[in-house]
Amino acid sequence: ACVNYLAKKVEKAKGNKINGTVYKISTAKYLKLTAYLMLSWLLVSIMLTLLIGAAGGAVSFQNLYQVGAVFLLSYIAGNLAFFVPSGIGVFEATLYLSLSKLIAEIEALTITALARLLMVLPIVVLYSLIKYMSHKRSE
């Protein structure tokens, strides 16, 4: 299912027909989406670096690069684990194992749990808000 989904996304990006519809994405849109993705990775890297600082670890510009690389590695590993639903657990395991090379294991475990919570919490809050608003509107 994941492979079919990715194949459809690639076909859409290339401008090929999928179910009779032609999809085209301009170069400018590709660059804009890439910039948004890079910005989100930078913000998550900053968040993780600040969490390390809050846990008593060293915060520096070099740590930002290391933590950014760790996050990117974990993100890619989670997405490549197509045999696990949504890569659940793979992202966290990779993040924990990579962070434990940089900081103490207990801090790495705490930061991994907090990172997942901070990435999921906005989605849950937004979903709850939308659900509440749609329920309120139907009354």
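**Helix packing and a pocket in a predicted model**

The crossing of helices α2 and α3 is right-handed. Good morning. I begin with that pair, and I should say at once that the structure before you is a predicted model.

Two packed helices are described by the angle between their axes and the distance between the axes. For α2 and α3, the angle is about 115° and the axes are 8 Å apart. On the α2 side, the residues in contact are Trp41, Leu42, Val44, Ser45, Ile46, Leu48, Thr49 and Ile52. They meet Asn63, Leu64, Val67, Gly68, Phe71, Leu72 and Tyr75 of α3. Sorted by class, this contact holds 11 nonpolar residues and 4 polar ones, with no charged residue.

These two helices also bring us to a pocket. Which elements give two or more residues to the lining of the second largest pocket? They are α2 and α3, and α3 gives the most, with 6 residues. The volume of this pocket is about 190 Å³. Its lining consists of Met38, Trp41, Leu42, Ser45, Phe61, Leu64, Tyr65, Gly68, Phe71 and Leu72. Of these lining residues, 8 are nonpolar, 2 are polar and none is charged. Please note Trp41, Leu42, Ser45, Leu64, Gly68, Phe71 and Leu72, which belong to the pocket lining and are also among the residues where α2 meets α3.

I turn next to α3 and its packing with α4. Helix α3 covers residues 61-80 and helix α4 covers residues 90-99; their angle is about 150° and their axes lie 8 Å apart. The two helices are therefore roughly antiparallel to each other. In passing α4, α3 makes a right-handed crossing. From α3, the contact draws on Val70, Phe71, Leu73, Ser74, Tyr75, Ala77 and Gly78. From α4 come Val90, Phe91, Thr94, Leu95, Ser98 and Leu99. The residues here comprise 9 nonpolar and 4 polar, and again no charged residue is present. Phe71 and Tyr75 of α3 take part in this contact and in the one with α2.

The last pair is α2 with α5. How are these two helices packed? Helix α2, residues 27-54, and helix α5, residues 105-138, meet at an angle of about 140°, with 10 Å between their axes. That angle makes α2 oblique to α5. The crossing is right-handed here too. Met47, Leu48, Leu51 and Ile52 of α2 touch Ile111, Leu114, Ala115 and Leu118 of α5. By class, this contact has 8 nonpolar residues, with no polar and no charged ones. Leu48 and Ile52 of α2 appear in this contact as well as in the contact with α3.

Thank you for your attention.

Conventions: Residues are numbered from 1 along each chain as its sequence is written. This is a predicted model: local features need pLDDT of at least 70, side-chain atom pairs count only at pLDDT 80 or more; totals for chains, interfaces and linings use all residues. Side-chain values use heavy atoms; hydrogens and water are left out. Axes are lines fitted to C-alpha atoms, for helices over the stretch in contact, and angles run from 0 to 180 degrees between N-to-C directions. Helices (H or I, at least four residues) and strands (E, at least two) are DSSP runs, numbered from the N terminus. Angles under 35 degrees count as roughly parallel, over 145 as roughly antiparallel, 65 to 115 as roughly perpendicular and the rest as oblique. A crossing is left-handed if the near helix is turned anticlockwise from the far one by less than a right angle, and right-handed if clockwise. Contact means heavy atoms within 4.5 Å. Ala, Val, Leu, Ile, Met, Phe, Trp, Tyr, Cys and Pro count as nonpolar, Asp, Glu, Lys and Arg as charged, and the others, Gly among them, as polar. On a 1 Å grid over the protein atoms alone, a cavity is a set of points where a 1.4 Å probe fits but cannot get out, and a pocket is an open set with protein on both sides within 12 Å along at least five of seven lines; lining residues have an atom within 4 Å of a point. Grid points are joined across faces, edges and corners, and a volume is the space filled by probe spheres set on the points.
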